[in-house]
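Grab a coffee and work through these exercises with the model open beside you. Each one sets a task and then walks through the solution.

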Amino acid sequence: MSCSKDPDPLHSQTWMNLFSRHPKRQVDSSAMTLLLGYVKMTDSTFAAAVLCIAFNPLFWNVVARWEHKTRVLSRVCGSPYTACYCLGAVILLLNFIRSHCFTEAMRSQPKLEGLDCLSVYCAGLAVLGIGFLFVISSFLALGFIGTFLGDYFGILKEEKVTSFPFNVMDNPMYWGSTACYLGWSIMHASPAGLLLTAVVAVSYMIAMLYEGPFTEEIYQQKRKAAKNK
């Protein structure tokens with residue numbers, strides 16, 4: 001694997017013009033336009049990946065809120081712990097399908113020749129490693145129940161988790177997962193992967209807008225109930 005020149009001289013000249021003649025905002029916009037030129041938006045595998053990325057956080061938020069309101073899953077499964085484990089298993093399966101669709105979408109799309117070299121591959125591998133570090137450390141800090149929305153099942157922690165990586169950033173599981181997809185895309189020199197990573201980031205940011213306030217409300221209800229005892 002070695003860095004190679006872009007086989008399309010027009011693209012190479014376009015990149016040179018972007019950096020030499022345009023202000024930063026126009027460069028960003030034109031760079032995105034050029035990136036999109038490598039991506040076949042109508043490809044079935046790309047569409048499947050986008051749907052999986054968008055569906056997953058929607059699914060677990062809707063189901064978890066429904067469970068918090070009705071406790072149907074807890075009654076059906078016999079306990080909130082069993083229900084949470086079942087939902088966690090489904091989420092893991094959905095995430096596996098999402099990753100598979102993501103990879104297949106990258107494989108079906110052309111590579112960006114300028115990124116197809118050893119140094120960029122190693123950089124992508126480093127980003128992937130950092131992402132895994134945040135994902136695994138988040139899981140170890142929260143445990144299975146904490147990771148897979150145990151709060152919504154009435155399984156609340158005594159205090160907020162503040163150990164690594166939660167002392168470094170908020171929502172490290174989500175950002176770690178995004179970094180994994182980013183690193184994977186860079187390793188494959190895939191414009192489609194980079195675009196899908198942006199979709200992952202947006203879907204997680206939307207999920208955080210809903211999950212953060214709702215989780216805080218759950219713990220506020222717990223504190224109020226404790227005061228009234």
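**Warm-up: the whole chain**

Work out what share of the protein is buried, and what kind of fold you are looking at.

Step 1. Of the 229 residues in the protein, 39% are buried; that label means under 20% relative accessible area, with exposed being over 50% and partly exposed in between (1.4 Å probe, protein chains only).

Step 2. Before going on, note that this is a predicted model, where local features need pLDDT of at least 70 and side-chain atom pairs count only at pLDDT 80 or more, while totals for chains, interfaces and linings use all residues. Residues are numbered from 1 along each chain as its sequence is written, and side-chain values use heavy atoms, with hydrogens and water left out.

Step 3. Now the elements: there are eight helices and zero strands, giving the pattern α-α-α-α-α-α-α-α along the sequence. Helices (H or I, at least four residues) and strands (E, at least two) are DSSP runs, numbered from the N terminus.

Step 4. For contacts (heavy atoms within 4.5 Å), take those with a separation of 6 or more: 82% of them are between residues 24 or more positions apart.

**Exercise 1: how far to trust it**

Find the mean pLDDT of the protein, then the stretch where pLDDT is below 50.

Step 1. pLDDT is the predictor's confidence in each residue, from 0 to 100. The mean for the protein is 88, and 84% of its residues reach 70 or more.

Step 2. Residues 12-16 are the stretch below 50, and beyond near neighbours in sequence they have four contacts in the model. Where pLDDT is low, the predicted coordinates should not be read in detail.

**Exercise 2: the nonpolar core**

Name the residues with the most contacts inside the largest nonpolar core, and the helix that gives the most to this core.

Step 1. A nonpolar core is a set of buried Ala, Val, Leu, Ile, Met, Phe, Trp, Tyr and Cys residues joined through side-chain atoms within 4.5 Å. The largest one has 33 residues, and Leu149, Tyr152, Phe153 and Leu196 have the most contacts inside it.

Step 2. Helices H3 (44-70), H5, H7 (172-187) and H8 (191-227) each supply at least two of its residues. H8 gives the most, with nine.

Step 3. Zoom in on Tyr152. Skipping neighbours within four places in sequence, its contacts include Asn61, Ala64, Arg71, Phe214 and Ile218.

**Exercise 3: two faces of H8**

Val202 and Ser203 are both in helix H8. Decide for each: buried, partly exposed or exposed?

Step 1. Val202 counts as partly exposed because its relative accessibility is 44%. Ser203 has a relative accessible area of 10%, so this residue is buried.

Step 2. Leaving aside neighbours within four places, Ser203 is in contact with Ile53 and Pro57.

Step 3. Val202 joins Trp175, Met205, Ile206, Leu209 and Tyr210 in a nonpolar surface patch of about 610 Å². Such a patch takes residues with over 30% relative accessible area and no salt bridge, with nonpolar side chains (Val, Leu, Ile, Met, Phe, Trp, Tyr) joined within 5 Å and like charges within 9 Å. H8 provides five residues, the largest share.

**Exercise 4: the salt bridge**

Which residue forms a salt bridge with Glu104?

Step 1. The structure holds one salt bridge, meaning a side-chain nitrogen of Lys or Arg within 4 Å of a carboxyl oxygen of Asp or Glu. The partner is Arg107, with the closest N and O atoms 3.2 Å apart.

Step 2. Both sit in helix H5 three residues apart, so about one helical turn separates them.

Step 3. Glu104 is partly exposed at 27% relative accessibility, while Arg107 is exposed at 60%.

**Exercise 5: backbone oddities**

Track down where Arg71, Ala189 and Pro165 lie.

Step 1. Most residues other than glycine have a negative phi, and most peptide bonds are trans.

Step 2. Arg71 has a positive phi, near 60°, and lies in the loop between H3 and helix H4 (72-77).

Step 3. Ala189 has a positive phi too, near 50°. Its loop runs between H7 and H8, and at 0% relative accessibility Ala189 is buried.

Step 4. The peptide bond from Phe164 to Pro165 is cis, with omega near 5°. Pro165 is in the loop between helix H6 (118-147) and H7.

Key: Accessible areas come from the Shrake-Rupley method with a 1.4 Å probe; for residues, only the protein chains shown count as cover.
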